[in-house]
Amino acid sequence: MDEMIRLTNVRKVYRSSGSGAMVEALRVDRLSILAGERAGIRGRSGSGKTTLLHVISGILTPSGGEVMVNGARLDTLGEPKRDLFRARNVGCIFQFFHLIPYLTAKENVTAAMLFAGGAMSRRMMGERADFLLESVGLGGRLHHMPGQLSGGEQQRVCVARALANDPPILIADEPTANLDPRNKDIILRLLYRANEENRLTLLLATHDRDALSGFTRVIDLDDMSAMEGEAAC
Amino acid sequence: MLMSISFKYITKRLRQYALTTLVAALAISMTIAVTLAADSLKDSVVYASMPFDMIVGAKGSAAQLALNAVFLRDTPVGNVDQAVYERYMNDGRARRIIPLAFGDSYRGSWIVGSSEALFTLRPSEREPEIFQIQEGRFFQDKYELVVGSEAARRLGLAVGDTVKASHGMSDILDEELAASRVHNNHIYTVVGALKPMRRPYDLGMFASIETFWDIHGGGERGVSAFIVTPWDYVGLMSMYQELNTGSEAQGVFPGEVAGDLFGVIGRGEEALRLVSYAVAALGFATVILSLYWSVLNRRKENAIFRALGAGRSTLLRMVVTESAMVMLVSAPLGLLFGHLVSGFIGLYLRRVMAVYVPASFSVQELYILAAYAAIGAVGAALPAASAYRQDVAGLLAGE
């Protein structure tokens, strides 16, 4: 399989707002993730799970090192190019759903397609949003506002939104942390399905060891040791 | 679709945007109302002065003389000697000499003594006379009164009515004072009602000058002023110079006096205009602040858009679209309010002075709207830039 993500000597350093001292939020000497891989990321709070996902998606630039994602050197790209890269290559799912509260489920999914700058007509966008929402079991909730949906349903809208531009990479940051066991199971199954059917590279960061049971590889940021082929239970 | 997102956001915060739009509309309307009212007032004063090529009156204030003869306002200046009036009447340099006698009124409306020549008064020789009979006829004899359309309407006068004139220019409300000055033995009969002239003379009432001489003793003749319509410009200038170098009377060009008045009024108008610009600037600042607050209020949502791949230009377009939507509503509202305010000013001037402020659309309004659009667009860029600079990762970390 081709290499989808490669990080080399990546560091992310922040200046602490309190003391003004420099704090290292992320250090990855080397990390390689293959196309279509299903990788879990775990670590204690503050170990840099979210920072790693943000660096891979281009939301953050590293303080040092090389970030190669789907053939693009993200650490050298300017912000506008990283924005467009993210829109076309990375689908994002968040712990707190982060749906736009004044848009319907369908409009939330369609909005993601707007930013990819493709040639899709409005009608095609609408049809794709319908298809994606039906595929996550929300065919009857297309025109509901986020506030009218349960937590599990909101996260399913997020999954549909993340898949809107058919990206090669799906990153999920604690996607099940706010869900009950039934909805957690539904979301994980949707993510596995996307990984298997669309050959998406799936990266999921979580505290939840159970959530990583279906993953073929777990990256532990506490010691940066990649455990190949076993669940981190 | 971007527009639809902006529209949905505005709909969600309808109250805030309605207030912003209203403030912006008021800012536009203030600027437009001041501009329109100032321009219209000038036009209407020039329009009112048109039939009066030159006014001749006693030495004194030129502005007062013009106010008396053209607007039927202010305290009448003293009389011109009858001999002077007759000399100009007979020397052939003027096409028309029309005498005017002031000093009496009826419930606030000036009674003007004149000759039949008054009814030939016209803005130019190519245009019809400004005096046109609506009902009845012009005066032919003493104590016959022809009433202006506005005076007739306000005082409820019709042909056949009789009135007792008061000496002086008593206010219509000052009944007691008016009553003490009534010429009890002299009763006018209304013989004609005029069509609207859309000039200050609509407020006037007109009788023969012989009536005035009769009321005021008969022995002493004289006129308060006379209107000169020349044959040509050379004749007009020769009379003007002769009058103003002599000691008997003064000649006044009402247009010139209006110009001088506007020079004085202009400074006030300039100050008013500056105030209106300041109000407009405050309005624009409110719009920009409102947009800025709107961006601050939805930092989280902008961070989500950024996480989904929205770039600088996209966020800029969204904020500018909102600004444009505010403008699309506030601009016509501002125009409407501006014209309404200007209309009210016009009504007030019409009521007080019978000066007709024409309702018109000024090209300056387009400049004001263009300036507003430009400021709105530039102003929108500020919050948009702030939207782009925000800490996306930090905002996404929160609930």
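A:C158 is buried in this predicted model, its relative accessible area being 0%. A second cysteine of chain A, A:C92, is likewise buried, at 4% relative accessible area. A search over all chains returns zero disulfides, whereas salt bridges number 28 across the whole structure. The points below cover chain A as a whole, the cysteines, the charged pairs, a buried asparagine, two backbone exceptions and a surface patch in chain B.

**Chain A overall**

- The secondary structure of chain A consists of six helices and 10 strands.
- Chain A has 233 residues, of which 55% are buried.
- Of the contacts in chain A between residues at least 6 apart in sequence, 69% connect residues at least 24 apart.
- The exposed area of chain A is about 9800 Å², and 47% of that area is supplied by carbon and sulfur atoms.

**Cysteines**

- A disulfide is a covalent bond that links the sulfur atoms of two cysteines.
- The search of the whole structure finds zero such bonds over all chains.
- A:C158 counts as buried because its relative accessible area of 0% falls under the 20% limit.
- A:C92 also falls under that limit, with a relative accessible area of 4%, and therefore counts as buried.

**Salt bridges in chain A**

- Side chains of opposite charge can pair when their charged atoms come close.
- One of the 28 salt bridges in the structure joins the side chains of A:E153 and A:R141, with an N to O distance of 3.1 Å.
- A:E153 belongs to helix α5 (residues 151–162) of chain A, while A:R141 sits in the loop between α4 (122–135) and α5, so the pair ties together parts that are 12 residues apart in sequence.
- The two partners fall into separate accessibility classes: A:E153 is buried at 11% relative accessibility, and A:R141 is partly exposed at 32%.
- A further salt bridge connects the side chains of A:D208 and A:K184, at 2.7 Å from N to O.
- This pair links distant parts of the chain, 24 residues apart: A:D208 is in the loop between β8 (201–205) and β9 (217–220) of chain A, and A:K184 is in helix α6 (residues 181–197).
- A:D208 is partly exposed because its relative accessibility of 22% lies between the limits of 20% and 50%.
- A:K184, at 18% relative accessibility, counts as buried.

**Salt bridges involving chain B**

- In chain B, B:D91 forms a salt bridge with B:R93, and their closest N and O atoms are 2.8 Å apart.
- Both residues of this pair are partly exposed, B:D91 at 32% relative accessibility and B:R93 at 23%.
- Elsewhere, A:E79, A:D83, A:R86 and B:R306 are joined into one network by salt bridges that share partners.

**A buried asparagine in helix α6**

- A:N195 lies in helix α6 of chain A, the helix that also holds A:K184.
- With 5% relative accessibility, A:N195 counts as buried.
- The side chains of A:N195 and A:R38 are joined by a polar contact of 3.1 Å.
- Leaving aside residues up to four places away in sequence, A:N195 touches A:G36, A:E37, A:R38, A:L200 and A:L202.

**Positive phi outside glycine**

- Most residues other than glycine have a negative phi.
- A:N70, which is not a glycine, has a positive phi of about 50°.
- A:N70 is located in the loop between β4 (64–69) and β5 (72–73) of chain A and is partly exposed, at 34% relative accessibility.
- B:Y143, also a residue other than glycine, has a positive phi near 65°.
- B:Y143 is located in the loop between β5 (133–136) and β6 (144–147) of chain B and is buried, with a relative accessible area of 16%.

**A nonpolar surface patch in chain B**

- B:L336, B:L340, B:F344 and B:L347 make up a nonpolar patch on the surface.
- Together these four residues have about 420 Å² of accessible area.
- B:L336 is part of helix α11 (residues 312–353) of chain B.
- B:L336 is partly exposed, at 49% relative accessibility.

Terms used: Residues are numbered from 1 along each chain as its sequence is written. Chains are lettered from A and ligands numbered from 1 in the order in which they are written. This is a predicted model: local features need pLDDT of at least 70, side-chain atom pairs count only at pLDDT 80 or more; totals for chains, interfaces and linings use all residues. Side-chain values use heavy atoms; hydrogens and water are left out. Patches are made of residues with over 30% relative accessible area and no salt bridge: like charges are joined within 9 Å, nonpolar side chains (Val, Leu, Ile, Met, Phe, Trp, Tyr) within 5 Å. Accessible areas come from the Shrake-Rupley method with a 1.4 Å probe; for residues, only the protein chains shown count as cover. Helices (H or I, at least four residues) and strands (E, at least two) are DSSP runs, numbered from the N terminus. Buried means under 20% relative accessible area, exposed over 50%, partly exposed in between (1.4 Å probe, protein chains only). Contact means heavy atoms within 4.5 Å. A disulfide is a pair of cysteine sulfur atoms within 2.5 Å. A polar contact is a pair of N or O atoms within 3.5 Å; within protein, one must be able to donate a hydrogen and the other to accept it, and residues adjacent in sequence count only if both atoms are side-chain atoms.
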